[in-house]
Every structure is written in C-alpha cells, then in structure tokens.
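Dear colleague,

Please find below the structure I am handing over to you. My findings follow it.

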Amino acid sequence: MTAAVVLGVPCFFSDGFSCYLSALIEVYHTLTTFPRTGKPGRPKQPLKEPHPELVYGQVIKKKQKGRLQELVSRVRCGAKRLEELGLSISTSLLERLNLTLRHALAPLVRKSASFCKDRTQMRRRVVLFQAFYNFARPHMSLRGPLPDQEPHASGLIQPKWRHRTPGMAAGLTDHVWTFRELLTAKFEPLHNQSSSG
C-alpha cells in the first residue's frame with residue numbers, strides 16, 4: 001500500500017519485528033537472473049536482492065522488569081545511503097502518531113473494553129479521524145504569527161496567530177475545514193505514483 005502512494009523508494013524505520021525486512025524486499029527489490037547451464041536439473045531461480053536505494057533501520061528497546069534499559073539501533077539495509085542522506089534512525093514520529101490515534105480512538109487503547117468487532121467499521125473510523133486531524137484540526141506547531149495590526153478597543157482579545165492544519169501546511173487547502181466540509185468533501189481516487197516515474 002505504501003508503494004502505491006509514495007514516489008520512489010522511501011526510508012523505513014521500525015521496531016525489531018522480523019517480518020518487515022522480507023516484506024520490504026518483496027516490494028522494493030532488483031532481480032538477479034542466472035543463465036541456463038544446459039545441465040540436467042531445475043534452472044536456478046532469479047534472486048531477489050534489496051533495491052539499491054532501500055534504507056531500513058530498526059530501533060530495538062531492551063527492557064528489564066518493564067523498564068527501558070537500552071535503545072539499540074541497527075541498519076538492516078542501505079547503510080551507505082543512510083549516511084549519504086545524513087539521517088538517523090528514529091521511530092519517534094510514528095510513536096507520536098500511534099499515541100495520537102490511541103488517544104482519539106477508543107478501540108485502539110490497550111486493555112480496553114471498547115473493542116471494535118468489524119474491520120470495515122474500524123477502518124472507517126481511522127480514515128475519518130485522519131481527515132479531521134489533517135484538515136479540520138489546527139496544530140499549534142504549525143501556527144504562524146499574524147502581521148501587526150492596529151490595537152482594538154480595550155477589553156477585546158486581539159489574535160496573535162494564524163492557525164494552520166497539516167493540509168494547509170502541505171498546500172492542499174487554504175483554510176481550516178468545518179465539520180460540514182469534512183463530511184461532504186469528495187476526493188479524487190488515489191492513483192499509483194510509483195509506476196509514473
């Protein structure tokens with residue numbers, strides 16, 4: 001799904017779950033083929049190798065009695081490119097997103113009685129919250145100062161900031177959406193960007 005909406009080969013960072021690397025190589029790879037030898041037996045199958053631009057790093061938390069003891073970072077693939085890009089392995093943005101989703105959606109809270117029985121309904125809840133988060137909820141970290149204005153009459157509050165949403169910061173919209181706009185917006189179908197470049 002990521003390859004369908006992201007142009008090129010992005011950098012991936014995750015925890016130490018072992019299945020991610022094989023899934024990434026399945027999507028981002030180069031094939032090495034071997035010539036036929038003319039000898040009896042099955043020909044050698046093509047070999048999938050990680051794409052030269054693929055970068056995958058892991059952050060592994062080592063805990064003892066529930067307390068974090070050590071953070072270990074390791075590059076599973078693309079160490080040279082990671083160094084060229086000047087990036088460091090970090091999962092903090094993803095951890096922040098996970099925490100935001102857990103605070104907003106009751107079925108995602110750990111050890112909760114508010115579980116969701118239907119995968120389709122859960123997906124709809126997450127998509128609605130993502131749209132709200134990106135288009136209708138101003139983020140304090142994205143706000144900008146308003147130009148100096150003439151002072152109002154005493155007692156009136158004079159705004160100092162121009163509120164912005166992630167959608168405004170990305171240039172997708174020019175205003176904070178109302179809830180009505182959020183529920184009535186029609187979006188164009190998502191096209192595969194990876195095959196167009």
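A disulfide is taken here as a pair of cysteine sulfur atoms within 2.5 Å. By that criterion this model, which is predicted, holds 0 disulfides. Cys19 takes part in none, and the nearest cysteine sulfur to its own, that of Cys77, is 16 Å away. Cys77 is likewise in no disulfide; in its case the nearest cysteine sulfur belongs to Cys11, at 10 Å. As to their surroundings, Cys19 counts as partly exposed because its relative accessibility is 42%, whereas Cys77, with a relative accessible area of 10%, is buried.

I turn next to helix H5, which runs over residues 119-136. With 18 residues at 1.5 Å a residue, H5 should span 26 Å, and its end C-alpha atoms are 25 Å apart, so the two values agree. At the N-terminal end, Asp118 acts as a cap: one of its side-chain oxygens lies 3.3 Å from the backbone nitrogen of Thr120. The buried residues in H5 are Met122, Val126, Phe129, Ala131, Phe135 and Ala136. Their cover includes helix H4 (92-104), helix H6 (166-169) and helix H7 (179-184).

One of these buried residues, Phe135, is also touched by Thr173, a residue of the loop between H6 and H7. Residues up to four places away in sequence aside, Thr173 touches Thr165, Gly167 and Met168 as well. The side chain of Thr173 is joined to that of Trp177 by a polar contact of 2.9 Å. Thr173 counts as buried because its relative accessibility is 14%, and the cut-off for that class is under 20%.

Finally, Glu181 is found in helix H7, one of the helices that cover the buried residues of H5. Is Glu181 buried or partly exposed? Its relative accessibility is 30%, and Glu181 therefore counts as partly exposed. If its neighbours within four places in sequence are left aside, Glu181 is in contact with His175 and Val176. Between Glu181 and Phe115 there are 29 Å in space, C-alpha to C-alpha, and the two are 66 residues apart in sequence.

With kind regards

Key. Residues numbered from 1 in each chain as written. Predicted model: local features only at pLDDT ≥ 70, side-chain atom pairs only at ≥ 80, totals over all residues. Heavy atoms only, no water. Helix = DSSP H or I, 4+ residues; strand = E, 2+ residues; numbered from the N terminus. Expected span 1.5 Å × (residues − 1). Buried < 20%, exposed > 50% of the residue type's maximum accessible area, 1.4 Å probe, protein only. Contact = heavy atoms within 4.5 Å. Polar contact = N/O pair within 3.5 Å; in protein donor to acceptor, adjacent residues only side chain to side chain.
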